[in-house]
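The following exercises are to be worked with the sequence and the coordinates at hand. Each task is followed by a solution in steps.

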Amino acid sequence: MTNFRNLIEKCGVFIVALICLLPAGGNARGGNLPAGNSSAPAVSSNQLADAAGQATDSILIVQIDKDEFIAFIWIAPLSIWVGKYEATNAQYKKFNRAHDPKKYYEHVINLPDQPAVLVSWEDANNYCGWLNRNCRRQLPPGCEFRLPTEKEWIIFALCGREKEYPWGDQWPPPDAFNYKGTEGANIIYGLFHNEKFIRNHRDGFIVTAPVGKSGANEWGLYGVGGNAWEWCQDWFDETKTTRIIKGAAWNNSDPAILSVSGRAAGLPEKSNAMIGFRVVIAPRKK
Ligand SMILES: [Ca+2]
């Protein structure tokens, strides 16, 4: 697995996004993928049945500064609160005032309501730690802010029913979900020049969309599919080299990557313009 790390290190941040996308279940397209534990944890039929119809629309608002709030939705099947949106640049900037992703080539990605990208797993985890210190009085008793596990992510992506993609089973994705659609067909995306785009899909956003503009699911969570990849708590590989990311991003068009089981790996200290995160509030581990 040391070679895996060396490979990723040599490839650099942007190449990581290109080659380290590791769909689960061995149905990778594009092949030549590094070895690793590529099986997503199974979610049983019983868990799905338990989940069906039990989510509520209860919302918890956490104030992180005088002018900045995070909205969480109570997800009853998980008994946790899940961020209604991906964490934004404005929110993350309250923790790290130097945060400024600027542009991806000529495309702006640093607007306050765009998802916080160019944030490593370590940065995202530290942000959760900062929330735990800064906003602890607003937490429900015995709870903490943290990143979701992959299993939690899958459950709040499926919303209590079996489906291939975060929006359902049909292809292409609805235009409400931000992936690489025809809006990017003639755009030079730097390294993504000549890459595929999704035909018959036009979400209107060449890079990241404001978090409230990328597809809501049945439980009212936005951007679970698309916009930015989301860091999960879990290690991707048994040697604890990389962390799992879920949900795909604005530059993705491959159905296997966009599926709920699609997953990828990122070195925890690295960041790029495609990976963001979502915070959950869950019972503190004993
Ligand atoms: Ca798009």
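A residue is buried if 20 or more other C-beta atoms lie within 10 Å of its own. The coordinates are those of a predicted model.

**Exercise 1. Determine how far helix 5 is covered, and which of its residues are buried.**

Step 1. Helix 5 spans residues 150–158.
Step 2. Applying the cut-off of 20 or more other C-beta atoms within 10 Å, one finds that eight of the nine residues of helix 5 are buried, and the helix is mostly covered.
Step 3. The buried residues are Glu150, Glu152, Trp153, Ile154, Ile155, Phe156, Ala157 and Leu158.
Step 4. Just after the helix, Cys159 adopts a positive phi of about 55 degrees.
Step 5. For context, buried residues account for 47% of the 286 residues in the protein.

**Exercise 2. Describe the sheet on which helix 5 packs, with its strand order and its edges.**

Step 1. Four strands form an open sheet in the order 9-8-7-10, and their pairing is mixed.
Step 2. The edges are strand 9 (263–266) and strand 10 (275–276); each has a single partner strand, so one side of each lacks a neighbour in the sheet.
Step 3. Strand 7 (residues 229–235) and strand 10 run parallel and are joined by two bridges. In one of these pairings, Glu230 has Gly276 in strand 10 as its bridge partner.
Step 4. Helix 5 packs on this sheet and touches strand 7, strand 8 (243–246) and strand 9, its direction making about 140 degrees with that of strand 7.

**Exercise 3. Establish the order of the five-stranded sheet and state which strands stand at its edges.**

Step 1. The order of this open sheet is 1-2-3-11-6, with antiparallel pairing.
Step 2. Strand 1 (59–65) and strand 6 are the edge strands; each has a single partner strand, so one side of each is left without a neighbour in the sheet.
Step 3. On average, neighbouring strands of this sheet are turned by 30 degrees against each other, direction ignored.
Step 4. Strand 1 pairs with strand 2 (residues 68–75) in the antiparallel sense over six bridges. Gln63, for instance, has Phe69 in strand 2 as its bridge partner.
Step 5. Helix 4 (residues 121–134) lies across strand 1 and strand 6, and runs at about 150 degrees to strand 6.

**Exercise 4. Why is Arg146 classed as buried?**

Step 1. Arg146 belongs to strand 6 (residues 143–146).
Step 2. Arg146 has 21 other C-beta atoms within 10 Å, and is therefore buried.
Step 3. With neighbours within four places in sequence left aside, the contacts of Arg146 are Cys128, Gln233, Val280 and Ala282.
Step 4. The C-alpha atoms of Arg146 and Val279 are separated by 5.7 Å, although these residues are 133 residues apart along the chain.
Step 5. In the protein as a whole, 66% of the contacts between residues at least 6 apart in sequence join residues at least 24 apart.

**Exercise 5. Identify the residues with the most contacts inside the largest nonpolar core, and the element that gives the core its largest share.**

Step 1. In soluble globular proteins, nonpolar side chains tend to be buried together.
Step 2. Here the largest nonpolar core has 70 residues, and those with the most contacts inside it are Ile80, Val82, Val117, Phe156, Trp229, Trp231 and Met274.
Step 3. Helix 5 supplies the largest share of this core, six residues.
Step 4. Beyond its neighbours within four places in sequence, Val82 is in contact with Phe72, Ile73, Ile75, Pro148, Phe156, Leu221, Arg278 and Val280.

Technical notes. Residues numbered from 1 in each chain as written. Predicted model: local features only at pLDDT ≥ 70, side-chain atom pairs only at ≥ 80, totals over all residues. Buried ≥ 20, exposed ≤ 12 C-beta atoms within 10 Å, placed from the backbone. Contact = placed C-beta atoms within 7 Å. Pairing = 2+ DSSP bridges. Axes fitted to C-alpha atoms, helices over the stretch in contact; angles between N-to-C directions. Core = buried A, V, L, I, M, F, W, Y, C linked by C-beta atoms within 7 Å.
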